[in-house]
Amino acid sequence: MGLLEGKTAIITGAASPRGLGKATATLFAEHGARVAILDLDAAQAEDAAGDIGEDHIGLACDVTRKADCDAAVAAVLDAFAQIDILVNNAGITQPLRIMDISHENYDAVLDVNLLGTLNMSQAVIPHMRNRRTGSIVNMSSVSAQRGGGIFGGPHYSAAKAGVLGLTKAMARELAPDGIRSNAICPGFIATDITAGKLTPEMRVQILAGIPMGRAGEASDVAGCALFLASALSAYVTGSEVDVNGGSLIH
Ligand code: NAD
């Protein structure tokens with residue numbers, strides 16, 4: 001019996017073939033959920049949904065645009081009639097140093113990671129409130145906790161720290177409505193977000209800081225998302241869960 005039998009989920013940024021969102025969508029589907037994959041490109045989102053099985057849908061949605069988010073939620077409700085889970089996974093990063101961040105860079109990174117999380121959450125909350133149930137899972141990063149150091153610039157750390165604040169504030173405000181909100185802080189996970197952008201020296205240095213001695217797998221993050229999305233975590237809200245091989249033990 002799957003942990004998400006009879007549940008439906010929206011996962012943003014889940015079309016990336018080796019990404020955390022796709023791995024989460026795959027695991028949710030294996031556990032009985034119907035999944036809506038949202039990403040920038042409709043065809044890629046549809047293909048990703050097809051990859052995980054028949055009952056799932058893919059939709060174009062730029063999370064930086066509130067109108068896109070509202071339209072996607074309406075389309076998912078048409079298809080599935082209910083939304084139990086939202087995973088705010090869409091994200092971008094840029095490896096810039098503090099003095100090199102332009103306003104354009106700042107807007108790009110803050111808009112996808114932080115505004116996108118707010119936009120999608122605002123789009124589903126009225127529905128979740130009506131049903132008095134829901135789980136929102138936000139993808140933050142170890143970068144938020146330790147001030148970068150893996151790949152993203154300071155604006156990425158700031159955006160992901162913003163996601164932690166938003167997660168906790170939503171948890172507080174939405175708890176009386178039966179809606180939980182939690183964050184995952186992945187460490188170094190091998191996906192396309194860093195693919196081809198790390199030098200061998202950077203890789204060696206990163207691995208040296210990980211007690212478990214390996215990069216994370218997308219499935220490691222998906223397992224944590226499943227826990228936070230399912231009733232296993234029924235009394236967990238406002239938490240940030242580290243998925244980092246021990247790299248931030250303190
Ligand atoms: P990825 O690049 O493989 O996937 C990100 C997806 O987000 C892509 O499919 C992309 O098209 C989509 N996206 C970008 N902008 C969007 C927008 N405006 N609207 C909708 N979708 C958009 O990256 P990933 O490694 O799977 O990262 C997933 C999340 O995990 C991100 O939020 C990332 O910041 C976070 N994260 C990743 C790592 C890591 O090591 N891989 C570590 C910590 C946090």
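These are my notebook entries on a predicted model of a protein chain with a ligand.

**Entry 1: confidence**

I checked the scores before anything else. The chain has a mean pLDDT of 96, and 100% of its residues reach 70 or more. For the model as a whole I noted an ipTM of 0.99 and a pTM of 0.98. A reminder to myself: where pLDDT is low, predicted coordinates should not be read in detail.

**Entry 2: the ligand**

Which residues come closest to the ligand? I found Gly13, Ser16, Gly19, Gly91 and Thr191 in that role, within a surrounding set of 28 residues. I then looked up the elements that give two or more residues to this shell, and they are α1 (20-30) and α4 (103-131). Sorting the shell by residue type gave me 13 nonpolar, 12 polar and three charged residues.

**Entry 3: the sheet**

Next I traced the strands. There are seven of them in an open sheet, and I read their order as β3-β2-β1-β4-β5-β6-β7, with parallel pairing. Why do β3 and β7 each have one side without a neighbour in the sheet? They stand at the edges, β3 at 57-60 and β7 at 240-243, and each has a single partner strand, so one side of each is left free of a neighbour in the sheet. From one strand to the next, the twist averages 20°.

**Entry 4: β1, β2 and β3 side by side**

I stayed with these three strands for a while. β1 and β2 run parallel and are joined by five bridges. Along that pairing, I found Ala9 opposite Val35 of β2, and Ile11 opposite Ile37 of β2. On the other pairing, four bridges link β2 (residues 34-39) with β3, again in parallel. There, Ala36 sits opposite Ile57 of β3.

Are the residues of β1 buried or exposed? Five of its five are buried. Thr8, Ile10 and Thr12 lie on one side of β1, Ala9 and Ile11 on the other, and both faces are covered.

I asked the same of β2, and six of its six residues are buried. Arg34, Ala36 and Leu38 point one way from this strand, while Val35, Ile37 and Asp39 point the other way. I made a note of Arg34 and Asp39, since both are among the buried residues of β2.

**Entry 5: helices on the sheet**

What lies across β1, β2 and β3? I found helix α3 (residues 66-80) there, running at about 155° to β2. Helix α6 (residues 154-174) also packs on the sheet, where it touches β5 (134-139), β6 (179-186) and β7. The direction of α6 makes about 160° with that of β6.

**Entry 6: Ala229**

I picked Ala229 in helix α8 for a closer look. It has 29 other C-beta atoms within 10 Å, so it is buried. Which residues does Ala229 touch, leaving out those up to four places away in sequence? My list is Leu4, Ala9, Phe28, Ile85, Ser135 and Val137. Ala9 was already in my notes as a residue of β1 that is itself buried. I also looked at Asp84, which is 145 residues from Ala229 along the chain; their C-alpha atoms are separated by 8.5 Å.

**Entry 7: Gly209**

Gly209 falls in the loop between α7 (200-208) and α8 (218-229). I counted it as partly exposed because it has 16 C-beta neighbours inside 10 Å, and the partly exposed class sits between the exposed limit of 12 or fewer and the buried limit of 20 or more. Gly246 is 37 residues from Gly209 along the chain, and I read 8.8 Å between their C-alpha atoms.

**Entry 8: two positive phi angles**

Most residues other than glycine have a negative phi. With that in mind, I noted Ala81, which has a positive phi of about 70° although it is not a glycine. Where is Ala81? It is in the loop between α3 and β4 (85-88). Ala81 has 9 C-beta neighbours inside 10 Å, so I put it down as exposed.

Arg132 also has a positive phi, of about 55°, and is not a glycine. I located Arg132 in the loop between α4 and β5. With 10 other C-beta atoms within 10 Å, Arg132 is exposed. On the α4 side, this loop follows a helix that I had already listed for the ligand shell.

Note on methods. Residues numbered from 1 in each chain as written. Predicted model: local features only at pLDDT ≥ 70, side-chain atom pairs only at ≥ 80, totals over all residues. Near = placed C-beta within 6 Å. Nonpolar A, V, L, I, M, F, W, Y, C, P; charged D, E, K, R; others polar. Pairing = 2+ DSSP bridges. Axes fitted to C-alpha atoms, helices over the stretch in contact; angles between N-to-C directions. Contact = placed C-beta atoms within 7 Å. pLDDT = per-residue confidence, 0-100.
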